[in-house]
Amino acid sequence: MRILMLGAPGAGKGTIAQKLVEKYGIPQISTGDLLRAAVTAGTEMGKKAKAIMDAGKLVPDELVIAIARERLAQPDCAKGFILDGFPRTIAQADAMKTFARIDHVVNLEVPDEIIIERLEARRTCKKCRAIYNLKNVPPRVPGKCDTCGGDLYQRDDDKREAIETRLKTYRQQTQPLVDYYRRAGNLHTLNGDAGIDSLLRLVTAIIEPKQRK
Ligand code: AMP
């Protein structure tokens, strides 16, 4: 079960990916999380990536391709994975063909006004990466993760200035992947504003027929 979540920042890729992790026990591979871990660890790669990420731009293809290739080669990916935030350019998608095959591409479409609202209200757990939304999915205790008790924080790139650049970057560099995967024949476009439970049902219906073969 190799799934690729496609969609603008804030479309719900990470939220649905986390639900699929719980349901199917396969890992979520988020290049954004891997890069943020490198930033926190203060590695050379993290130092290079931080300013680019905070500005809402894309880190260079070679760097992200290397990170994704290495992560997908880990044994926990052997039975499948959910890609969240990779690939984000045609060059990344072309490179990925040399080291990973994808069964289903799930493309979440959400209007820009909703994306902006969602990203500004998004809070992320520092410890387990769980995603909250102060309006729709608030934590039970303010500032604390329901699952692990970790501190919630607002990502630097979830602030207004960076959000607009991220949306522009998405349109210019990532949206062409929608046609790329449509041509490949495994694209499923869903209304990302349908609510988590109904989206999860739709995604499950997409994934499971192939699983039963
Ligand atoms: P995300 O957590 O997926 O929203 O990613 C956060 C930031 O990490 C993005 O805005 C980019 O700066 C960087 N990033 C994550 N994945 C990629 C990728 N596949 N290609 C280039 N930059 C990426």
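These questions and answers cover helix 2 and the ligand site of a predicted model.

Local features need pLDDT of at least 70 and side-chain atom pairs pLDDT 80 or more, while totals for chains, interfaces and linings use all residues. Residues are numbered from 1 along each chain as its sequence is written, and side-chain values use heavy atoms, with hydrogens and water left out.

Biologist: Why do the buried residues of helix 2 lie on the same side?

Modeller: Helices here are DSSP runs (H or I, at least four residues), strands likewise (E, at least two), numbered from the N terminus. T31, G32, L35, R36 and A38 are buried in helix 2, residues 31-41; buried means under 20% relative accessible area, exposed over 50%, partly exposed in between (1.4 Å probe, protein chains only). They share a side because the directions from the helix axis to their C-beta atoms cover an arc of only 155°.

Biologist: Which exposed residues does the face turned away carry?

Modeller: This face of helix 2 points away from the buried side. Its exposed residues are T40 and A41.

Biologist: Which element gives the most to the shell around the ligand?

Modeller: The shell takes residues with a heavy atom within 4 Å of the ligand. Among the 16 residues there, T31, R36, K57, G85 and Q92 come nearest. The top contributor, with 4 residues, is helix 2.

Biologist: How far is the side chain of R155 from an oxygen atom of the ligand?

Modeller: A polar contact here is a pair of N or O atoms within 3.5 Å. R166 has a polar side-chain atom 3.4 Å from a ligand oxygen. For an N or O atom in the side chain of R155, the distance to a ligand oxygen is 2.9 Å.

Key. A polar contact is a pair of N or O atoms within 3.5 Å; within protein, one must be able to donate a hydrogen and the other to accept it, and residues adjacent in sequence count only if both atoms are side-chain atoms.
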